[in-house]
Amino acid sequence: MSDADATLQPRKSGLTRRQKRALSRGAQYVVFVAAVIAFAVAADWGRLKNQFAQWDLVKQMFPDVITLALKNTVLYTMSGFVVGLALGLVIALMRLSPVGPYRWLAGIYIEIFRGLPALLIFVFVGVAVPLAFPGTEIPGGTYGKVALALGLVSAAYMAETIRAGIQAVPKGQMEAARSLGFSHARAMVSIIIPQAFRIVIPPLTNELVLLFKDSSLVLFLGVTLEERELTKFGRDLASQTANSTPILVAGLCYLLVTVPLGFVVRRLEAKAGEATK
């Protein structure tokens with residue numbers, strides 16, 4: 001090959017593919033650190049501290065933010081989860097039913113309640129139900145209304161999750177149960193559904209995290225001082241003090257629950273992944 005031909009050949013890079021990836025990742029880290037530093041330099045930390053970090057207001061919120069607001073938030077969430085799980089299981093079974101009208105009703109329910117914002121469901125439960133049935137009270141007062149509203153919202157998502165879990169159970173499980181003399185209903189209750197729930201525990205736990213945050217919509221039902229959850233509790237105190245510190249504290253209380261739950265979801269998903277290998 002002549003010297004002229006050699007000069008026309010493309011010069012190969014001296015970096016391997018792994019080195020290029022490492023260089024790209026390092027550049028991303030540099031950009032991120034630079035952005036953080038620029039934010040830290042540009043932010044007015046004095047004003048932020050005055051608006052979001054008033055220690056006197058933080059002390060004023062305790063212990064009510066835990067014993068009242070957080071407790072109510074957990075109660076609202078768990079009651080809504082129980083209602084949603086029970087209703088979701090029924091809808092999932094209807095979705096899988098060989099009876100056409102059952103499948104159609106379940107499909108209509110899922111499409112409607114997955115498409116509507118949760119806020120509208122709370123307004124419907126708090127306003128439309130009393131208007132439609134005068135003199136009728138939902139059992140449990142505000143707690144019952146929240147359980148119903150959250151349950152109606154979550155049931156649509158849980159139904160699809162449970163349905164997918166049931167369909168993920170090998171068909172041979174049902175065939176083996178029927179060959180042993182089990183009826184279809186007994187096989188579903190005793191064999192199929194327990195296996196399905198083991199499969200869908202991670203997404204159901206994730207749904208619990210979403211419900212915990214959606215419980216903040218209870219303020220649209222009109223609650224008493226003793227029925228306030230975290231968001232309502234923080235907003236009321238923020239309005240009284242003209243300071244946003246209570247909102248920040250309420251947000252941190254949400255994280256006290258959602259972060260551990262998120263860790264549990266990741267662990268369950270990892271175990272489920274290892275079990276399928």
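The bend at a residue is the angle between axes fitted to the seven residues ending there and the seven starting there. The structure treated below is a predicted model, in which local features need pLDDT of at least 70 and side-chain atom pairs count only at pLDDT 80 or more, while totals for chains, interfaces and linings use all residues. Residues are numbered from 1 along each chain as its sequence is written, and side-chain values use heavy atoms, with hydrogens and water left out.

**Exercise 1. Determine where helix α5 bends, and compare its span with the expected one.**

Step 1. Helices (H or I, at least four residues) and strands (E, at least two) are DSSP runs, numbered from the N terminus, and α5 comprises the 32 residues 64–95.

Step 2. The expected span of a helix is 1.5 Å times one less than its number of residues, which gives 46 Å for α5, and the 44 Å between its end C-alpha atoms agrees with that value.

Step 3. The helix nevertheless carries a kink of about 25°, and this kink is centred on L70.

Step 4. Ahead of α5, in the loop that links it to α4 (55–61), lies P63, and the peptide bond leading from F62 to P63 is cis, with omega near 5°.

**Exercise 2. Describe the overall fold and extent of the protein.**

Step 1. The protein has twelve helices and zero strands. Its radius of gyration (taken over C-alpha atoms) is 27 Å, well over the 19 Å that the globule rule (2.2 Å times the number of residues to the power 0.38) gives for 277 residues, so the protein is more spread out than a compact globule.

Step 2. Along the principal axes, the C-alpha atoms fill a box of roughly 95 × 65 × 30 Å.

Step 3. Buried means under 20% relative accessible area, exposed means over 50%, and partly exposed lies in between (1.4 Å probe, protein chains only); by this scale, 35% of the 277 residues count as buried.

Step 4. The protein exposes about 17200 Å², of which carbon and sulfur atoms supply 65%, the areas coming from the Shrake-Rupley method with a 1.4 Å probe, where for residues only the protein chains shown count as cover.

Step 5. If contact means heavy atoms within 4.5 Å, then among contacts with a separation of 6 or more, residues 24 or more positions apart account for 76%.

**Exercise 3. Establish how confident the prediction is, and where its confidence is lowest and highest.**

Step 1. On the pLDDT scale, which is the predictor's confidence in each residue from 0 to 100, the mean for the protein is 86, and 93% of the residues reach 70 or more.

Step 2. Confidence is lowest in helix α1 (residues 3–8), with a mean of 52, whereas it is highest in α5, at 93.

**Exercise 4. Work out the surroundings of two buried residues, L221 and T205.**

Step 1. L221 sits in the loop that joins α10 (184–214) to α11 (230–241), and its relative accessible area of 14% makes it buried.

Step 2. Beyond its neighbours within four places in sequence, L221 is in contact with F122, G126, K145 and V146; the C-alpha atoms of L221 and G126 are 5.5 Å apart, although 95 residues separate them in sequence.

Step 3. T205 belongs to helix α10, and at 13% relative accessibility it too counts as buried.

Step 4. With neighbours within four places in sequence set aside, T205 is in contact with L261, V264, V265 and L268; from T205 to V264 the C-alpha distance is 8.0 Å across 59 residues of sequence.

**Exercise 5. Classify A242 and R103 by accessibility, and place each in the fold.**

Step 1. A242, in the loop between α11 and α12 (245–276), is exposed at 65% relative accessibility. Its phi is positive, at about 55°, although A242 is not a glycine.

Step 2. R103 is part of helix α6 (residues 100–115) and, at 32% relative accessibility, counts as partly exposed.

Step 3. Not counting residues up to four places away in sequence, R103 touches M94, R95, S97 and P98, while its C-alpha atom is separated by 9.0 Å from that of A92, eleven residues away along the chain.
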